[in-house]
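Hi everyone, thanks for making the time. I'd like to walk you through one structure today, a few contacts and a few single residues. Let me put it up on the screen.

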Amino acid sequence: MDDGYSALVEKVVDQLLEDHPPGDTDPVTFLRAQFDAGLAYVWFPPGEGGLGVPSDLQAMVDERLSQAGAPPSGRVTNAIAAGQGAASILAYGSEALRRRCLRPLFTAEMMGCQLYSEPGSGSDLASLATRAVRDGDEWVVNGQKVWTSGAHRADVAILLARTDPDAPKHAGLTQFVLNMRQPGVEVRPLRQMSGGAEFNEVFLTDVRIPDSDRLGEVNDGWSVSQHTLVYERYNMPRVPRRGEGAISLAVDAWKQRPDQTSPAALAIKAELMRHWVDMEIVRLLQMRAAALRASGTSGPEGSLGKLAVSVVGRRFAEWAAAVSGPEGVLLEEGYDSYVDEPGAMRRMASSLAMLCVGSPGTSIAGGTDQIQRNIIGDRVLGLPREPAVDRGVPWSQTLRN
Ligand SMILES: Cc1cc2nc3c(=O)[nH]c(=O)nc-3n(C[C@H](O)[C@H](O)[C@H](O)COP(=O)(O)OP(=O)(O)OC[C@H]3O[C@@H](n4cnc5c(N)ncnc54)[C@H](O)[C@@H]3O)c2cc1C
């Protein structure tokens, strides 16, 4: 039931576009005004970037603003921080922290990253070893993180650290917002097979965080991080249009073939249609997840959607070279400079070859396919949980890599 929310949102969009025509407004001014109008995250409360209306209306806002030529927001160019980061800051941050971070994260004036994974703790995130020790009104942090997307350009980070080593592994963690621009934060890029270096190792040595930049209660970081990861798996409420994105590149490539009635072209067309249908099923699954989310149901639909995007997308990317022939494996000139930029993933999707080298990452980032299957097995199918030898054991006594 809409309750007149659509009309309200349409009116606010009209007003924003009238007051700040995108063609005559610089991008940051426009995005600040979008935030202030409550059109950054429509489901957030008024005054904090939202209007307090159902989240599925954000897609309509994004569509209208994009058609009017509005600039992409931080939800695209600063996705981790302005996506799940902002959602966690809203839910668990102090008022001062929300005021300091939410708007600049959305406008991408403040870039951010997520310091979760460590060399010995990825899927088993709760086993992480980075320590935060209380020192008066501050915390002192030491440790190493890895695979941190965007750390090389980040101003702040969402950090998960161990605050009680003698509690069982899930019970001794705390989440913070960390200032990345301080002594003791060392970021080292990792080069990947696509040629870019958007991931990093991050070394933290005696780094300080004011207690006021804590998210949630001390030692309750596991539930805070689950909130963060649920938002990561939702991957924001933007559902693609039918036939949009990577599949459209393949359709275009097939249409450019000079031999459209040859047996080879027809065989590839049959395969192409199979991939098109798979992509459409994923899109419908994402729509279903968005509808459930809008109705307030938080469940395993994020895992289902993530697994489907990963499995179908990877199968498609591995096949995509067939439709474009040798060109499908040639990277664009200058590819290794642009994958480093904000919004790189979006630009990567503009070439089948880049899609091919980038696709394996989808089945790892944000929780691997196997971990999504475990979640679905536990929470959807009600299968017995995996045996865990460290349940209830103090983290300091557990065996780790
Ligand atoms: C594109 C990309 C971006 C990323 N960005 C970030 C970021 O910004 N911040 C951040 O903190 N991290 C980031 N990561 C890291 C990512 O979260 C981890 O790589 C991921 O959680 C897996 O951890 P791992 O690499 O340590 O693998 P491991 O956990 O060591 O897993 C190795 C293999 O074992 C399997 N496995 C592990 N446990 C189980 C189990 N219980 N059941 C079945 N199979 C299992 C896994 O599925 C995998 O195949 C990123 C990774 C990628 C690829």
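Let's start with a pair of helices. In α1, the residues Y5, S6, V9 and V13 meet L57, M60, V61, R64 and L65 in α3. By class, that contact divides into seven nonpolar residues, one polar and one charged. Before I go on, keep in mind that this is a predicted model.

So how do those two helices lie against each other? Helix α1 covers residues 5-19 and helix α3 covers residues 57-67, and they pack at an angle of about 30°, with axes 11 Å apart. Angles under 35 degrees count as roughly parallel, and that is why α1 is called roughly parallel to α3. As for handedness, the crossing of α1 past α3 is right-handed.

Now a second helix pair. Helix α2, residues 27-36, packs with helix α6, residues 95-107, at an angle of about 130°, and here the axes are 9 Å apart. That angle makes α2 oblique to α6. The crossing of α2 and α6 is right-handed. Who does the touching? On the α2 side we have V28, L31, R32 and F35, and they meet R103, F106 and T107 in α6. Sorted by class, the residues of that contact come out as four nonpolar, one polar and two charged.

Let's zoom out to the domains. The domain assignment gives three of them: domain 1 is 5-107, domain 2 is 112-219, and domain 3 is 237-379. I want to look at where domain 1 touches domain 2. The C-alpha centres of those two domains lie 27 Å apart. Their contact takes 13 residues from domain 1 and twelve residues from domain 2.

Which elements give two or more residues to the domain 1 side? Those are α5, residues 79-92, and α6. The largest share on that side is six residues, and it comes from α5. If you like thinking in terms of chemistry, the domain 1 side has eight nonpolar and five polar residues, and no charged ones.

Next, two residues with backbone angles you might want to look at on the screen. Most residues other than glycine have a negative phi. A108 has a phi near 70°, so a positive value, and it isn't a glycine. You'll find A108 in the loop between α6 and β1, which is 112-115. Is A108 buried or exposed? It counts as buried, because it has 24 C-beta neighbours inside 10 Å, and 20 or more is what buried takes.

The other one is W147. Its phi is near 60°, again a positive value in a residue other than glycine. W147 sits in the loop between β3, residues 138-145, and β4, residues 156-162. With 21 other C-beta atoms within 10 Å, W147 is buried.

Let's move on to strand β7, residues 199-210, where R208 has its place. R208 is partly exposed, since there are 15 other C-beta atoms within 10 Å. What does R208 touch? Leaving out residues up to four places away in sequence, R208 touches E138, V140 and Q182. For a sense of distance, R208 and D259 are 51 residues apart along the chain, and their C-alpha atoms are separated by 64 Å.

Just before that strand there's G195, in the loop between β6, which is 185-190, and β7. G195 counts as partly exposed, because it has 16 C-beta neighbours inside 10 Å. How far is G195 from V207? They are twelve residues apart in sequence, and 31 Å apart in space, C-alpha to C-alpha.

Last stop is R373, in helix α14, residues 369-379. R373 and L307 are 66 residues apart along the chain, yet their C-alpha atoms are separated by 7.7 Å. R373 is partly exposed, with 13 other C-beta atoms within 10 Å; a count of 12 or fewer would have made a residue exposed.

To recap the pictures I'd keep: α1 is roughly parallel to α3, while α2 is oblique to α6. On the domain 1 side that touches domain 2, α5 gives the largest share. And the two positive-phi residues I showed, A108 and W147, are in loops. That's all from me, thanks for listening.

How values were computed. Residues numbered from 1 in each chain as written. Predicted model: local features only at pLDDT ≥ 70, side-chain atom pairs only at ≥ 80, totals over all residues. Axes fitted to C-alpha atoms, helices over the stretch in contact; angles between N-to-C directions. Helix = DSSP H or I, 4+ residues; strand = E, 2+ residues; numbered from the N terminus. Parallel < 35°, antiparallel > 145°, perpendicular 65-115°, else oblique. Left-handed = near helix turned anticlockwise from the far one by under 90°. Contact = placed C-beta atoms within 7 Å. Nonpolar A, V, L, I, M, F, W, Y, C, P; charged D, E, K, R; others polar. Domains from an automatic or database assignment.
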